[in-house]
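Biologist: Got a minute to go through this fold with me? I'd like to start with the sheet and then move on to the helices.

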Amino acid sequence: MTEEFLSSSPEETRQQAREFAAGLHSGDIVALSGQLGAGKTEFMRGITEFFNCDDQLSSPTFPLFNIYEGTIEGEEVTLHHFDLYRIQSLHELEAIGFEEYLSSAFLSVVEWAEKFPEYASLYTATVELEHTGEESRRIVINRNAR
Ligand SMILES: Nc1ncnc2c1ncn2[C@@H]1O[C@H](COP(=O)(O)OP(=O)(O)O)[C@@H](O)[C@H]1O
Ligand SMILES: [Mg+2]
């Protein structure tokens, strides 16, 4: 199932992300793709807002990997967020325990997931962001069968 949205501001992208997050389930693994500055991290911020996470987007381990604690319907949930931009090899990814981290959170989100197609079958949804202007972005969401 493919859905397409147009966003005209960072706030609209976060709003779209919050609505997307409302449809996620335990065990989901989301791939975020799009060029540098497309809004992947902005979209992730919207997801963390939906789950009431403390803002940790500038912690020391960011940008490679970050863990967020949040809540959904009063239950505590853990989110794992990767940004593979600086990861050079599959070996490097395996060494940090990438696959284990993906499967051990309520939700995992991976920026630059498309760099490692070896893991493509793990993703339950794909969000592609594309620059269409200074502040405008196309957001294409695909939910995969799981
Ligand atoms: N409609 C929009 N959606 C998302 N970000 C936008 C939008 N318009 C402008 N921006 C800006 O673009 C940048 C996106 O950065 P970021 O989310 O870090 O991108 P990425 O993680 O894809 O490299 C931010 O500075 C944000 O303020
Ligand atoms: Mg980013």
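Biologist: What's the strand order in the open sheet?

Modeller: Bear in mind that this is a predicted model. The order is β1-β7-β6-β2-β5-β4-β3, seven strands in all, and the pairing is mixed.

Biologist: Which are the edge strands?

Modeller: β1, residues 2–7, and β3, residues 65–72; each of them pairs on one side only. From one strand to the next, the twist averages 20°.

Biologist: Do β3 and β4 run parallel or antiparallel?

Modeller: Antiparallel, with eight bridges joining them. One of the bridge partners to look at is Phe-82 in β4, which goes with Phe-65.

Biologist: And how many residues sit between β3 and β4 in that hairpin?

Modeller: Two. Check Glu-73 in the turn, as its phi is positive, about 50°.

Biologist: OK, further into the sheet. How do β2 and β6 run, parallel or antiparallel?

Modeller: Parallel: β2 (residues 28–33) is joined to β6 (residues 125–131) by four bridges. Ser-33 stands opposite Glu-128 in β6.

Biologist: Which strands does α2 touch?

Modeller: α2 packs on the sheet and touches β2, β3, β4 (75–83), β5 (107–111) and β6. Its direction makes about 165° with that of β5.

Biologist: Switching to helix pairs. At what angle do α1 and α2 cross?

Modeller: Roughly 50°, and their axes come within 7 Å. α1 covers residues 10–22 and α2 covers residues 40–50. The two are therefore oblique to each other.

Biologist: Is that crossing of α1 and α2 left-handed or right-handed?

Modeller: Right-handed.

Biologist: Which residues in α1 and α2 meet?

Modeller: From α1 you have Pro-10, Thr-13, Arg-14, Gln-15, Gln-16, Ala-17, Arg-18, Ala-21 and Ala-22. On the α2 side they meet Glu-42, Phe-43, Arg-45, Gly-46, Ile-47, Glu-49 and Phe-50. By class, that contact of α1 with α2 has seven nonpolar, four polar and five charged residues.

Biologist: Let's zoom out. How many helices and strands does the protein have?

Modeller: Four helices and seven strands. Starting at the N terminus, the elements run β-α-β-α-β-β-α-α-β-β-β.

Biologist: Why call the protein as compact as a globular one of its length?

Modeller: Its radius of gyration is 14 Å, and the globule rule gives 15 Å for 146 residues; those are close, so the protein is as compact as a globular protein of that length.

Biologist: And what does the C-alpha trace span along its principal axes?

Modeller: About 40 × 35 × 35 Å.

Conventions:
Residues numbered from 1 in each chain as written. Chains lettered and ligands numbered in written order. Predicted model: local features only at pLDDT ≥ 70, side-chain atom pairs only at ≥ 80, totals over all residues. Axes fitted to C-alpha atoms, helices over the stretch in contact; angles between N-to-C directions. Parallel < 35°, antiparallel > 145°, perpendicular 65-115°, else oblique. Left-handed = near helix turned anticlockwise from the far one by under 90°. Contact = placed C-beta atoms within 7 Å. Nonpolar A, V, L, I, M, F, W, Y, C, P; charged D, E, K, R; others polar. Pairing = 2+ DSSP bridges. Rg over C-alpha atoms; globule rule 2.2 N^0.38 Å.
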